[in-house]
Each structure stands twice: as structure tokens, then as C-alpha cells.
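Here are some short exercises to try with the structure open beside you. Have a go at each task before you read its solution.

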Amino acid sequence: MSQEVREALREVRARVESTDRMLDPGDRTNVAAQLTGADYISLGALFVAWGCALLFLRGEPNLALLAMFGAFLLDKADGWYARRTGDSSPFGRRVDSFIDVFAYLVPAALLYRAFSPHVAATWIVGFLILAFGGLRLIRHNEEGFGEDDGRSYYHGTTVVHTNLVVVANYLLAVLFGWSGWLAGVLVAAACPLMISNYKAYKTDASHVLAGVGALVAGGIALCLKLGYL
């Protein structure tokens, strides 16, 4: 057996042992003690995202969109609060990623369901959103941000990008009769980009554009709900 194979086997064994090891009671994480103000804001985002899911299931996609954007706002607020107070931590970043599943990925899958042409399309597209989005969040927790000439970037497109793709297709379908099949193809094609090596830079401009997009989409959803469109 070559030295390279032995080293590889040792590395695999070490990873398995570190994953399966039994912790002493004193080494276990005290979750309540770990939670910070930013984490409680994240839990607030989860509360609103859960309401969003219920609204989707009740057949109220436009109200659900408004709730979803409320969860977005709280999700952004927790990061701002953590930076302002210095409460950022690896535990908090994991909490944030957990919340992202329900604030961005689950609503995106349920929103596509609202205008999907067939249950099979809903099944496949929803699976792709959840699977690639979940893998993207896991990778981010493992690797963190990249850095290029002093600028931080995400590896791959973010769950926010994918969510906005679904929102745009929903609005096109409601306002202009956009094909649900074509929308499904576009959303499905966007999903693997979340685990690609594309560099999505963190810039103030990107945050402003996302905020403006959410405001515009929220305004349209409100007008649809009130019957103005």
C-alpha cells in the first residue's frame, strides 16, 4: 500500500472519529447561552418565514410574498446587528444558515408551486431549489467567504439570487402569462450555479439592488392582492 493511500485513509479515519466521538457533558454546547441578540433577530425571521409558508399553503401567494420580504428584512437586520455589536460567531453563522433555508429556499419552492403547470414540475424544481441551496449553505459554513484583491465574495450564486429568479418568473406569469414550464427550466438551470465557482462579490450596490428588487416585487404583490393589477 502506497504512502499516499495510507495518508488518505488516516485522514478519512480522523474525520469519522471526530464526527462520531462522544462528548463529555461539560463539552456540550449550551444553546441558550450561545444565543446573542442577532440570533434572536434570526429566530424572528424564522417566525415570519413560517407564517409565509402557511400563507402559501392557504393559497395566498401575494400575502406570502409580503411575509417573505419581511423575513428577508429581519435576515439582513441580524447581520447588521451582529457587525454593529461584535456578536458575530461561528455558532451564529450556523444559526443564520439554518434560518436561510426557511427564509429563502422553502418560500422559493412554494412560490413556484403557486404557478407550476404540473405536480411533476413542482416536485423536480422544488427539489433542485432545496438540494442545491442546502449544499450551497453547507459549503459556505465550511469555507466561509473568499477574498480577491481585498473584496469578499461568495462561492457561487446565493440563495437570495435563486429566490429572486423564482419571484421574477412568478410576476411574469401572473402579469403576462409567462409559461410555467419555461419558468421551471430557468429556475432549474439557476440552481446548480449556487455550488459553482462563480464569485458573487459582497458590495453595497448588490445589497441596494436586492433591496430595490424586493420593494418593487412587494409593491406589485400588494397591488395584485388589492386588485389593482
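## Exercise 1: Aromatic pairs

Searching the whole structure, which is a predicted model, turns up 7 aromatic pairs. Take the pair Tyr112 and Phe115 and work out its geometry and its setting.

*Solution.* Start with the rings: Tyr112 and Phe115 sit 5.2 Å apart, centre to centre, with 75° between their planes. Planes over 60 degrees apart count as edge-to-face, and that is the label for this pair. Next, find the two residues in the fold: both are in helix H5, 3 residues apart, or about one turn of the helix. Last, check accessibility: Tyr112 and Phe115 are both buried.

Now do the job again for Tyr153 and Tyr201: what is the geometry of this pair, and which strands hold the two residues?

*Solution.* The centres are 5.6 Å apart and the planes make an angle of 65°, so with the cut-off at over 60 degrees the pair is edge-to-face. Tyr153 belongs to strand E2 (residues 151-155) and Tyr201 to strand E3, so this pair ties together parts that are 48 residues apart in sequence.

## Exercise 2: Around Tyr201

Classify Tyr153 and Tyr201 as buried, partly exposed or exposed, then look for a charge over the ring of Tyr201.

*Solution.* The cut-offs come first: buried means under 20% relative accessible area, and exposed means over 50%. Tyr153, at 9%, is therefore buried. Tyr201 has 24%, so it goes down as partly exposed. As for the charge, Arg151 supplies it: its charged end sits over the Tyr201 ring, 4.1 Å from the ring centre.

While you have the rings on display, which residues form an aromatic cluster with Phe69? Phe72 and Tyr104 join Phe69 in one cluster.

## Exercise 3: Two buried residues in helices

Is Leu65 buried or exposed, and which residues does Leu65 contact once its neighbours within four places in sequence are set aside?

*Solution.* Leu65 is in helix H4. Its relative accessible area is 0%, so Leu65 is buried. With the sequence neighbours set aside, the contacts of Leu65 are Leu111, Val167, Tyr170 and Ala221. For a sense of sequence separation against space, look at Ala217: Leu65 and Ala217 are 152 residues apart in sequence, yet their C-alpha atoms are 8.3 Å apart.

Repeat this for Ser42: where is Ser42 found, and what does Ser42 touch beyond four places in sequence?

*Solution.* Ser42 is part of helix H3. Its relative accessibility is 1%, so Ser42 is buried too. Asp78, Val95, Asp96 and Ile99 are the residues that Ser42 touches.

## Exercise 4: The largest pocket

How many residues line the largest pocket, and which helix gives the largest share of that lining?

*Solution.* The pocket has a volume of about 1,400 Å³. Its lining takes 47 residues, with Asp75, Lys76, Tyr104, Tyr154 and His207 nearest the centre. Sort the lining by character and you get 21 nonpolar, 14 polar and 12 charged residues. Then sort by element: those supplying at least two residues include helix H7 (159-176), helix H9 (204-226) and strand E3 (199-201). The largest share is 11 residues, and it comes from H4.

## Exercise 5: Zooming out

How many helices and strands does the chain have, and what percentage of its residues count as buried?

*Solution.* Count 9 helices and 3 strands, in the order α-α-α-α-α-α-β-β-α-α-β-α along the sequence. The chain has 229 residues, 35% of them buried.

How values were computed
Residues numbered from 1 in each chain as written. Predicted model: local features only at pLDDT ≥ 70, side-chain atom pairs only at ≥ 80, totals over all residues. Heavy atoms only, no water. 1 Å grid on protein atoms, 1.4 Å probe; cavity = no way out; pocket = protein on both sides within 12 Å on 5 of 7 lines; lining within 4 Å. Points joined across faces, edges and corners; volume = space filled by probe spheres on them. Helix = DSSP H or I, 4+ residues; strand = E, 2+ residues; numbered from the N terminus. Nonpolar A, V, L, I, M, F, W, Y, C, P; charged D, E, K, R; others polar. Buried < 20%, exposed > 50% of the residue type's maximum accessible area, 1.4 Å probe, protein only. Contact = heavy atoms within 4.5 Å. Phe/Tyr/Trp six-rings, centres within 6.5 Å; stacked < 30°, edge-to-face > 60°. Lys NZ or Arg CZ within 6 Å of the ring centre and 35° of its normal.
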